[in-house]
Amino acid sequence: MKKNFNIGVIGLGVGERHIESYFKFGCKVKKIFDFDKKKMLLIKKKYPSIEICSSENDIFNDIEINIISIASYDNYHFNQILKGIKNEKNIFVEKPMVLKEAHLSKVFNLLKKNKNIHLYSNFILSESPVFINLKKSILNNDFGKIYSVEADYNYGRLKKITHGWRGKIPYYSVTLGGGIHMVDLISWMVESHIVEVKSYGNKFCTNKSAFKYNDCTVSLLKFANGMIAKISSNFGCVYPHFHKLAIYGTKKTFENDIENIRIFKSKSKNIVKKTKNNYKNYYKGNAIKFFLESIGKQSLRKKLIERVFYSIKVCFAIERSIKNNKTVKINYLK
Ligand SMILES: NC(=O)c1ccc[n+]([C@@H]2O[C@H](COP(=O)([O-])OP(=O)(O)OC[C@H]3O[C@@H](n4cnc5c(N)ncnc54)[C@H](O)[C@@H]3O)[C@@H](O)[C@H]2O)c1
């Protein structure tokens, strides 16, 4: 992997984890910017070589910086991506990349014109060894044909949307903010893509708060290979933060709960492989590693960009289905 990249990081919540990863993979984090000066000073204490900035433009205008990591609030991502492209920076952007479909097309077209610019997002679930092994098993046909999947993004952190920035920015979508991880995980795992969605949303859990948007969405998804899935973004659940998954194949079934993973090998409840569910126990910075490895390689660039645009396009289709109460076919950007 080429290592002499200079990095600028904007936003120091999850952005602090980006910094750790860049250093781990041999890059130099040159500059950081956050609205909160105290956060910048704390990071500077930890990594004295980092320069703190008084504006994001100090990062965009620095010609030595080759990569910007965008970990700001969702509503800033779009403009920061545009500035990044204009200044010829490679871009690692937190999900959701943008909040409007029109913005998505704009970024897509700019990336088509600027083939030297790489972009990827922080999809982390597919780095869990539990899910990596499950995918291997599925591709090995151990489960037979997968015909149905259920995936719930149980947020369990309601306060973050009723009291934090998520409830205060001009628009927040639980699908774009949470369910996107399940869309990415399932599609990656079964290696097929979603062609049609029908979705519903409601807002029971936050009805006494200032949060204005649906706090729960549920979607039925039709895949190109005929598989059906149900995905939910359940932000109000009385449940810990958890990614619940059930995979039904013609030969085996996978399910997980907070405690255990069970793989059913027969219709008898006795024939089951039960293991402790430690799917969260893994290093969460590998998306940055893949991004760094992809830089300068057109085939990898294409793969990562497709993955980012694919998942968010499905989420926008879910949004439209809820809004118009219609089944929505997905036309991917080309
Ligand atoms: N991939 C994941 O699993 C994952 C997990 C958590 C958050 N996120 C995403 O990361 C982003 C940040 O979320 P967070 O949880 O770190 O929030 P946070 O509140 O913990 O931290 C965000 C920080 O960014 C700063 N900030 C926001 N906008 C800024 C801007 N325009 N310029 C400079 N500083 C800015 C804030 O002052 C704050 O310090 C969001 O887009 C969120 O959706 C992704």
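Helices and strands here are DSSP runs, with at least four residues for a helix and at least two for a strand, numbered from the N terminus. On that basis, the chain contains ten helices and 15 strands. Please bear in mind throughout that this is a predicted model.

Let me begin with the overall dimensions. The chain has 334 residues, and for that length a compact globule would have a radius of gyration near 20 Å; the value for the chain is 20 Å, which agrees. Along the principal axes, the C-alpha atoms occupy a box of roughly 60 × 45 × 40 Å. Of the 334 residues, 41% are buried. Turning to contacts with a separation of 6 or more, 65% of them link residues that are 24 or more positions apart.

I now turn to the sheets, beginning with the parallel one. Six strands make up an open sheet, and their order is S3-S2-S1-S4-S5-S6. The pairing in this sheet is parallel. Which strands stand at its edges? They are strand S3, residues 51-52, and strand S6, residues 119-121. Each has a single partner strand, and therefore one side of each is left without a neighbour in the sheet. Within the sheet, strand S1, residues 6-10, pairs with strand S4, residues 67-70, in the parallel sense over four bridges. In that pair, Ile7 stands opposite Ile67 of S4.

The next topic is the ligand. How many residues surround the ligand? There are 22, and the closest are Gly11, Gly13, Val14, Ser72 and Glu94. By class, this shell comprises ten nonpolar, five polar and seven charged residues.

The second sheet is mixed in its pairing. It is an open sheet of nine strands, in the order S14-S13-S12-S11-S7-S10-S9-S8-S15. Its edges are formed by strand S14, residues 272-276, and strand S15, residues 328-329; each has a single partner strand, so one side of each lacks a neighbour in the sheet. At one edge, strand S13, residues 260-264, pairs with S14 in the antiparallel sense over five bridges. There, Phe264 has Val272 in S14 as its bridge partner.

Strand S8 pairs with S9 in the antiparallel sense over eight bridges, and S8 also pairs with S15 in the antiparallel sense, over two bridges. Val197 takes part on both sides: its bridge partner in S9 is Leu221, and it stands opposite Val328 in S15.

Let us move to the helices. Two packed helices are described by the angle between their axes and the distance between the axes. For helix H6, residues 129-139, and helix H8, residues 174-190, the axes come within 8 Å and cross at roughly 40 degrees. Which residues meet in this contact? From H6 there are Phe131, Leu134, Lys135 and Ile138, and from H8 there are Leu185, Met189 and Val190. By class, the contact of H6 with H8 has six nonpolar residues, no polar residues and one charged residue.

Helix H8 also lies across five strands of the mixed sheet. These are S7 (146-154), S8 (194-202), S9 (216-223), S10 (228-234) and S11 (242-249), and H8 runs at about 150 degrees to S7.

I will finish with individual residues in loops. A cis peptide bond joins Lys95 and Pro96, with omega at about -10 degrees. Pro96 lies in the loop between strand S5, residues 90-93, and helix H5, residues 101-113.

Two residues other than glycine have a positive phi. For Glu88, phi is near 60 degrees; this residue is found in the loop between helix H4, residues 77-86, and S5. For Asn141, phi is about 70 degrees, and this residue lies in the loop between H6 and S7.

Are these residues exposed or partly exposed? Glu88 counts as partly exposed because it has 13 C-beta neighbours inside 10 Å, while a residue is exposed if the number is 12 or fewer. Asn141 has 12 such neighbours and therefore counts as exposed.

Lastly, Ala210 is found in the loop between S8 and S9. Ala210 is exposed, with 10 other C-beta atoms within 10 Å. How far apart are Ala210 and Gly167 in sequence and in space? They are 43 residues apart in sequence and 7.2 Å apart in space, C-alpha to C-alpha.

Terms used: Residues are numbered from 1 along each chain as its sequence is written. This is a predicted model: local features need pLDDT of at least 70, side-chain atom pairs count only at pLDDT 80 or more; totals for chains, interfaces and linings use all residues. The radius of gyration is taken over C-alpha atoms; the globule rule is 2.2 Å times the number of residues to the power 0.38. A residue is buried if 20 or more other C-beta atoms lie within 10 Å of its own, exposed if 12 or fewer, and partly exposed in between; C-beta atoms are placed from the backbone. Two residues are in contact if their C-beta atoms, placed from the backbone, lie within 7 Å. Two strands pair if DSSP finds at least two bridges between them. A residue is near a molecule or strand if its C-beta atom, placed from the backbone, lies within 6 Å of it. Ala, Val, Leu, Ile, Met, Phe, Trp, Tyr, Cys and Pro count as nonpolar, Asp, Glu, Lys and Arg as charged, and the others, Gly among them, as polar. Axes are lines fitted to C-alpha atoms, for helices over the stretch in contact, and angles run from 0 to 180 degrees between N-to-C directions.
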